[in-house]
Amino acid sequence: MKTTVDIADGLLQEARQVAHAEGTTLKSLIEEGLRAVLSRRAPRADFLLEDASIPGDGLQAAVNTASWDDVRALAYGDRL
């Protein structure tokens, strides 16, 4: 399909130079640019985080009142 668009002189000149340097056509360069912009603006599906929770009632009684240092020591052992 043919259409007419107004492009700033400097931008058009730069695009022609890039097209020539890359051995492609101005049409191909414009189409590539339009595809890139349209893909960036395309609506994206909402991200849904999978539920990875586990059953239970929270911390064990022995850990429920422990300090953070104690909990970390239990989790990492002697790897600290």
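**Asp-69, its partner and the open chain**

Colleague: Why is Asp-69 called partly exposed?

Modeller: Asp-69 has a relative accessible area of 47%, and the label covers values between the under 20% of buried residues and the over 50% of exposed ones, so Asp-69 is partly exposed. Please keep in mind that this is a predicted model.

Colleague: What makes the contact between Asp-69 and Arg-72 a salt bridge?

Modeller: The closest N and O atoms of Asp-69 and Arg-72 are 2.8 Å apart, and a side-chain nitrogen of Arg has to be within 4 Å of a carboxyl oxygen of Asp, so the pair counts as a salt bridge. In general, side chains of opposite charge can pair when their charged atoms come close.

Colleague: Where do the two partners, Asp-69 and Arg-72, lie in the chain?

Modeller: Both belong to helix α4, residues 68–76, where they are three residues apart, or about one turn of the helix. Arg-72 has a relative accessible area of 30%, which again falls between the limits of 20% and 50%, so Arg-72 is partly exposed as well.

Colleague: How many salt bridges does the structure hold?

Modeller: The structure holds one salt bridge, although the chain carries 9 positive and 13 negative charges, whose mean positions are 12 Å apart.

Colleague: Why is Val-5 called exposed?

Modeller: The relative accessible area of Val-5 is 58%, and exposed means over 50%, so Val-5 meets the condition. Val-5 lies in the segment before α1, which covers 9–21.

Colleague: Which residues make the nonpolar surface patch?

Modeller: Val-5, Ile-7, Leu-11, Ile-30, Leu-34 and Leu-38 make a patch of about 560 Å², and the largest share, three residues, comes from helix α2, residues 26–41. Membership requires a relative accessible area of over 30%; Val-5, at 58%, is above that limit.

Colleague: How do you know whether the chain as a whole is compact or extended?

Modeller: A compact globule of 80 residues would have a radius of gyration near 12 Å, whereas the chain has 29 Å, and I therefore conclude from the globule rule that the chain does not have the value of a compact globule. The C-alpha trace spans about 75 × 30 × 20 Å along its principal axes, and buried residues make up 6% of the 80 residues. The chain exposes about 8,000 Å², of which carbon and sulfur atoms supply 55%.

Colleague: What elements does the chain have?

Modeller: The chain has four helices and zero strands, and from the N terminus on the order is α-α-α-α.

Key. Residues are numbered from 1 along each chain as its sequence is written. This is a predicted model: local features need pLDDT of at least 70, side-chain atom pairs count only at pLDDT 80 or more; totals for chains, interfaces and linings use all residues. Side-chain values use heavy atoms; hydrogens and water are left out. Patches are made of residues with over 30% relative accessible area and no salt bridge: like charges are joined within 9 Å, nonpolar side chains (Val, Leu, Ile, Met, Phe, Trp, Tyr) within 5 Å. Accessible areas come from the Shrake-Rupley method with a 1.4 Å probe; for residues, only the protein chains shown count as cover. Helices (H or I, at least four residues) and strands (E, at least two) are DSSP runs, numbered from the N terminus. Buried means under 20% relative accessible area, exposed over 50%, partly exposed in between (1.4 Å probe, protein chains only). The radius of gyration is taken over C-alpha atoms; the globule rule is 2.2 Å times the number of residues to the power 0.38. Lys and Arg count as positive and Asp and Glu as negative; His and the chain ends are not counted. The place of a charge is taken as NZ of Lys, CZ of Arg, CG of Asp or CD of Glu.
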